[in-house]
Amino acid sequence: MNLLLLFMDSNLLSLDKSLIWHPYTQEKNAPGNVLITKGEGAYLIDNAGNRYFDATSSWWTNIHGHAHPHIAQKLFEQASTLEHVIFAGNTHEPAIRLAEKLKTYLPNNQQKFFFSDNGSTAVEAALKMAFQYWFNRDEKRTKVLAFEGAYHGDTFGSMSVSARGLFTNPFKPLLFDILTIPVPTENNIREVLALVDQWVQEHAIASFIYEPLVQGANGMIIYDAAHLELILQKLKSVNVLLIADEVMTGFGRTGKMFACEYMNTEPDIMCFSKGLTAGAMPMGLTSCAQSIYDAFYDDNKEKTFFHGHSFTGNPLGCAVALASLELFDTEKTLDNVAMITTWNKKAVASLQQNKAFENIATLGTVLRFDIKTNESTSYLNAVKLRCMEFFKAQNILIRPLGNVLYFLPPYCTTEAELDYLLQTALDFGDTL
Ligand SMILES: Cc1ncc(COP(=O)(O)O)c(C=O)c1O
């Protein structure tokens, strides 16, 4: 490799160290960052030309692979036509076409679409919609119900409805109080349903927010659709608004286009981001039922939804999201999702043979397992770094959640690549 280029790259990395504050990173003892210069399909390529398999789809965002030519082309065309316009008082075709197309994939009751910038803001908008829905109707309902261990984002509202713990400890006194129920299992479902009854009797609950079927940041905890259905039915029967946070589960991740499709009860509000733009542009979207929208639609201007972001409805994000949905049709993306789903089920059996692993589970394109450890099983577990280093040496980028190792690959991944991931996991298990 060219010495001058190497020098320039090491200069870049020292500039990075001196200037940039990376997310979820203890900068004092973090290993050096990888300088990524290119993305290609399921791979990320560093400055030295090493190709790394992106086993977590770049924080669960990527769908069709990096730098997909169709997405790049549509982004270029949109950028050369209209890059942005204030979305209050104006509108544009990419947003309209995206809403039109996305509506065909969603539960029938989802009728209106509100744009924002990321997953946390999609959740903020959903929570505010739900609170104001009751306010506009003059009904005092101000409590939110959520699952224990939930993660819905890093803004104050989304932190408030998330688990109290490592991520939220410094802000605990500032977060609004919520009600919680445990994630349902075969063993606790009766108690969970009884607790739902109790909360409903004791509190005026405005909304229930949930990550349908997979709790992502909590350790890719997978739970049963039949159990969620029972909880949703109960809450629906007393008109608690159901907010499905599909920021991680949306766009094929759980095997169906949306995890909500596994249940009969339709959510009132849905949150999207990450896979919405196939991981190519930051964008958030909150959809809702007509009844929610109608509670704001009034001659009284005080009933307006006073919420918006500078980049609401950004045409670049919309064009890319639309291009991604086109790819779902032209590349038959859900067929590959089905291949990964089937492969994951077989991989569970192989992982069960390895004594280093436990709690192995899969849903759709998510495969997760715990690395057995004597240490506390928190996000800060030391096995995480060891595991990342081992995989990196095999040209795979992963990011375990503490001692929870998971694979959540882009959908363009091949069977051979999945075999390699599994073999690397088994080899790592053998070192423990
Ligand atoms: C279920 C869920 N909701 C919301 C968020 C927040 O999304 P963002 O990181 O884009 O703010 C995440 C992020 O991981 C998530 O998994």
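## Reading contacts, cores and a ligand site

Biologist: Which residues is Phe 208 in contact with, leaving aside neighbours within four places in sequence?

Modeller: Start with the list, then find each name in the structure. Phe 208 is in contact with Leu 145, Ala 146, Phe 147 and Ile 181. Its contacts also include Leu 228, Ile 231, Leu 232 and Leu 235. Val 240, Leu 241, Leu 242 and Ile 243 complete the list. Keep in mind that this is a predicted model.

Biologist: Which residues touch the most other members of the largest nonpolar core?

Modeller: Phe 208 and Phe 251 do, in a core of 68 residues. Helix H10, residues 315-330, gives the largest share of this core, with 9 residues. Another core lies apart from it and has 29 residues. Among them are Phe 53, Ile 340, Ala 356 and Phe 391.

Biologist: Now the ligand. Which residues surround it?

Modeller: Read the shell by name, then by character. Trp 60, Asn 118, Gly 119, Ser 120, Tyr 151 and His 152 are among the surrounding residues. So are Gly 153, Glu 211, Asp 245, Val 247, Met 248 and Lys 274. The shell divides into 4 nonpolar, 5 polar and 3 charged residues.

Biologist: Which protein atoms lie 2.8 Å and 3.1 Å from an oxygen atom of the ligand?

Modeller: Check backbone and side chain separately. A backbone N or O atom of Gly 119 lies at 2.8 Å from a ligand oxygen. For Lys 274, a polar side-chain atom lies 3.1 Å from an oxygen atom of the ligand. Asn 118 also takes part: an N or O atom in its side chain is 3.4 Å from a ligand oxygen. As for cover, the ligand taken alone exposes 390 Å², and the protein buries 84% of that.

Biologist: Is Ser 120 buried or exposed?

Modeller: Compare the relative accessibility with the cut-off. Buried means under 20%. Ser 120 has 14%, so it counts as buried. Ser 120 sits in helix H5, residues 119-136. Not counting residues up to four places away in sequence, Ser 120 touches His 152, Gly 153, Asp 154, Thr 155 and Ser 158.

Biologist: Where does Thr 413 lie?

Modeller: In the loop between strand E16 (404-407) and helix H13 (415-430). A loop residue can still be checked for burial. Thr 413 counts as buried because its relative accessibility is 0%. The side chain of Thr 413 reaches the backbone oxygen of Pro 410 at 2.6 Å. Beyond four places in sequence, Thr 413 touches Ala 42, Phe 53, Asn 336, Met 339, Ile 340 and Leu 418.

Biologist: What is the phi of Asp 138 near?

Modeller: Look at the sign as well as the value. Phi of Asp 138 is near 65 degrees, a positive value in a residue other than glycine. Asp 138 is in the loop between H5 and strand E5 (143-147). With a relative accessible area of 73%, Asp 138 is exposed. Asn 359 has a positive phi too, of about 50 degrees, and is not a glycine. Asn 359 is found in strand E13, residues 357-363.

Biologist: How many residues apart in sequence are His 70 and Glu 326?

Modeller: Set the sequence gap beside the gap in space. The two are 256 residues apart in sequence, and 9.2 Å apart C-alpha to C-alpha. Then look at the side chains. A polar contact of 2.7 Å joins those of His 70 and Glu 326. His 70 lies in helix H3, residues 69-79. His 70 is partly exposed, at 25% relative accessible area. Leaving aside neighbours within four places, His 70 is in contact with Ala 323, Glu 326 and Leu 327.

Note on methods:
Residues are numbered from 1 along each chain as its sequence is written. This is a predicted model: local features need pLDDT of at least 70, side-chain atom pairs count only at pLDDT 80 or more; totals for chains, interfaces and linings use all residues. Side-chain values use heavy atoms; hydrogens and water are left out. A nonpolar core is a set of buried Ala, Val, Leu, Ile, Met, Phe, Trp, Tyr and Cys residues joined through side-chain atoms within 4.5 Å. Buried means under 20% relative accessible area, exposed over 50%, partly exposed in between (1.4 Å probe, protein chains only). Helices (H or I, at least four residues) and strands (E, at least two) are DSSP runs, numbered from the N terminus. Contact means heavy atoms within 4.5 Å. A residue is near a molecule or strand if one of its heavy atoms lies within 4 Å of it. A polar contact is a pair of N or O atoms within 3.5 Å; within protein, one must be able to donate a hydrogen and the other to accept it, and residues adjacent in sequence count only if both atoms are side-chain atoms. Accessible areas come from the Shrake-Rupley method with a 1.4 Å probe; for residues, only the protein chains shown count as cover. Ala, Val, Leu, Ile, Met, Phe, Trp, Tyr, Cys and Pro count as nonpolar, Asp, Glu, Lys and Arg as charged, and the others, Gly among them, as polar.
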